[in-house]
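Please open the structure in a viewer and keep the selection panel at hand. The tour moves from one helix to its aromatic contacts and then to its charged side chains.

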Amino acid sequence: MYIDFCVFLFGAAIGSFLNVCIYRMPLGKSIVSPPSSCPSCGQRISWFDNIPLISYLRLRGRCRQCGATFTARYFLVELLTALMFLTIWVMFNGWLSPIYWLFIAGLIV
């Protein structure tokens, strides 16, 4: 049960990174730098406002600085990735899971 929870959290964290890829790659931007910022006001997003799933719910999908709304896609990608990682872990519970996780992450992006 503890490992399942950790896999879910890991999936949500990967989903957060996938959101970065989904947003930046079509624009030709780096996925490494600069740190995440609000697309509306450009203000850098603090670490405590960048916790997968929880921050979106806590801030009600809005920027802490300017109040601009973020699309639900950010939350849904994190949730979908977390659920898919957990499902794969439960079904294959072994060394094959990371291979399937990479495949799923590629499909999501």
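## A helix and its neighbours

Begin with helix α4, bearing in mind that this is a predicted model. The buried residues of α4 pack against α1 (2-24) and α3 (73-92).

Select residues 97-108, which make up α4. At 1.5 Å a residue, these 12 residues should span 16 Å, and the C-alpha atoms at the two ends are indeed 16 Å apart, so expectation and model agree.

Next, colour the buried residues of this helix: S97, W101, I104, A105 and I108. Viewed down the axis of α4, they fall within an arc of 100°, and therefore they line one face of the helix. Now rotate to the face turned away from that buried side, where the exposed residues L102, F103 and L107 are found.

## Aromatic rings

Which residues are linked by ring pairs into a cluster? Select F10, F85, W89 and W101 to display them. Aromatic pairs in the model number eight. One of them joins F85 and W101, whose rings are stacked, with 4.9 Å from centre to centre and 5° between the planes. This pair connects distant parts of the chain, since F85 belongs to helix α3 and W101 to helix α4, 16 residues apart.

Are F85 and W101 buried or exposed? F85 has a relative accessibility of 2% and counts as buried because the cut-off is under 20%. W101, at a relative accessible area of 11%, is buried by the same criterion.

Move to R73 and Y74 for a contact between a charge and a ring. The charged end of R73 sits over the ring of Y74, 4.7 Å from the centre of that ring.

## Charged side chains

Side chains of opposite charge can pair when their charged atoms come close. The model holds two salt bridges.

Select D49 and R58 to see one of them: the closest N and O atoms are 3.2 Å apart. D49 is buried, with a relative accessible area of 11%, whereas R58 is partly exposed at 42%.

Then add R64, whose side chain meets that of D49 in a salt bridge of 2.7 Å, N to O. This pair, too, links distant parts of the chain: R64 lies in the loop between α2 (54-58) and α3, and D49 in the loop between α1 and α2, 15 residues apart. R64 counts as partly exposed, at 45% relative accessibility.

Finally, display D49, R58 and R64 together: salt bridges with shared partners join them into one network.

Note on methods
Residues numbered from 1 in each chain as written. Predicted model: local features only at pLDDT ≥ 70, side-chain atom pairs only at ≥ 80, totals over all residues. Heavy atoms only, no water. Helix = DSSP H or I, 4+ residues; strand = E, 2+ residues; numbered from the N terminus. Expected span 1.5 Å × (residues − 1). Buried < 20%, exposed > 50% of the residue type's maximum accessible area, 1.4 Å probe, protein only. Arc of directions from axis to C-beta. Contact = heavy atoms within 4.5 Å. Phe/Tyr/Trp six-rings, centres within 6.5 Å; stacked < 30°, edge-to-face > 60°. Lys NZ or Arg CZ within 6 Å of the ring centre and 35° of its normal. Salt bridge = Lys/Arg side-chain N within 4 Å of Asp/Glu carboxyl O.
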